[in-house]
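I opened this model to look up a few things and kept short notes. The entries follow in the order I made them.

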Amino acid sequence: MHYDVIVLGSINLDVKALVTSYPRRGDTATARSITMLPGGKGSNQAVAAAKLGGKVAMLGAVGEDGAGKQMLDNLSDWGVDTQFVMRNGNEGTGTFIVQVDQTSENTMVGTLGANDTITAAEVDTALDQMEAPVLLMQLETSRESVLAALKAGRRKGMYIILDPAPADGFFPEALAYADCVTPNQQETERITGIHVTDKVEAVKAAKAIAGMGPKTVIVKLGADGSVVLHEGEIYEIDSVKVHALDSVCAGDVFAGALAVNYAQHGDFLKAVNFANKAAAIKVSRVGNHQVFPTLADMS
């Protein structure tokens, strides 16, 4: 089957708490609100790409539990093909607790659950049945599934975009197969050891990452935009200024938008600008999949 984008990644239930400030160690705090939402970096990126007009397939795993059914129903509702999502009877659906403070910054902790059970054989079997110009990936599934997908994507001639998140899931071998890597500041430091505080440091880091394999690197700097190393040239991309309300999923919207726009149009720098705008729209809205931008929002 042919798609615009294939996403290998996590599918989680997110428990999201809006807090005035993060509680100190040992403290008990009351949240302004707590909601349970579909999440996971893979799921988020797949929905973002689908809402922006892409034909998208999801490759991942959920538990044989109520949360897993809800996550699959949600993906299908947004037009994502879920026939290649495995159901695991031994592990529950991945679950993360997200805290968002008044500045819109967030912290997360959770368990990968079924995401961590995907095997190389399952990835190979699924990808043998799928074709797409772009493979979009993160590091929130099992290491063997990530490596298998990277190797299969390379064999099939797909353009591989790797979002190296979460930072603690990074392993250097992944960079040898990716065409494009899109770290934020924390992930950039994890990969390179360079503490990125401005675009000068971001350029140094981008060049260091490119030296590890990828031909294209996008170092995301939040409100300060991004630095792009593409085809040997450095580009500084300004952010789209908005009133920030909720930064959760902004990086995932960026990744999904980048993947689908590049898959459909083939102009990388235009795809980066498209992704910047999509992420900015998300930051200006509170919520997750239901507030991700559509093509109508982008016009």
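Which residue in β12 does Ile 218 stand opposite? I looked it up: Val 228 is the residue opposite Ile 218.

**Ground rules.** I am reading a predicted model, where local features need pLDDT of at least 70, side-chain atom pairs count only at pLDDT 80 or more, and totals for chains, interfaces and linings use all residues. Residues are numbered from 1 along each chain as its sequence is written, and side-chain values use heavy atoms, with hydrogens and water left out.

**Sheet.** I went from that pair to its strands. Strand β11 (residues 216-220) runs antiparallel to strand β12 (residues 226-230), with 5 bridges between them. Strands here are DSSP runs of E, at least two residues; helices are runs of H or I, at least four; both are numbered from the N terminus. Two strands count as paired if DSSP finds at least two bridges between them.

Then I traced the whole sheet. It is open, has 9 strands and shows mixed pairing. I noted the order as β5-β4-β1-β8-β9-β10-β11-β12-β13. Why do β5 (81-88) and β13 (233-237) each have one side without a neighbour in the sheet? They stand at the edges, each with a single partner strand, so one side of each is left free of a sheet neighbour.

Next I checked which helices pack on the sheet. Helix α7 (residues 250-265) touches β1 (5-8), β8 (134-137), β9 (159-162), β10 (180-181) and β11. I take contact as heavy atoms within 4.5 Å. The direction of α7 makes about 170 degrees with that of β8. Axes are lines fitted to C-alpha atoms, for helices over the stretch in contact, and angles run from 0 to 180 degrees between N-to-C directions. Helix α8 (residues 268-283) also packs on the sheet, touching β9, β10, β11, β12 and β13. Its direction makes about 160 degrees with that of β12.

**Phe 268.** I picked this residue in helix α8. Phe 268 counts as buried because its relative accessible area is 4%; buried means under 20%, exposed over 50%, partly exposed in between, with a 1.4 Å probe and protein chains only. Leaving out residues up to four places away in sequence, Phe 268 touches Tyr 159, Cys 180, Thr 216, Ile 218, Val 228, His 230, Leu 258 and Tyr 262. So the opening pair, Ile 218 and Val 228, turns up among the contacts of Phe 268.

**Cysteines.** I counted 0 disulfides, taking one as a pair of cysteine sulfur atoms within 2.5 Å. For Cys 180, the nearest cysteine sulfur is that of Cys 249, 20 Å away. Cys 180 is buried at 0% relative accessibility, and Cys 249 is buried at 8%.

**Annotated sites.** I turned to the UniProt record, an unreviewed entry. Its "binding site" residues include Asn 44, Glu 140 and Asp 252, and its "active site" annotation covers Asp 252. Such annotations may be inferred rather than shown by experiment; positions follow the numbering used here, and feature names are shortened.

Asp 252 lies in helix α7 and is buried at 4%. Beyond four places in sequence, Asp 252 contacts Lys 41, Asn 44, Gln 45, Ala 48 and Asp 163. Asn 44 sits in helix α1 (residues 41-51). Among its contacts are Cys 249, Asp 252 and His 289. Glu 140 is in the loop between β8 and α4 (143-155), and is buried at 7%.
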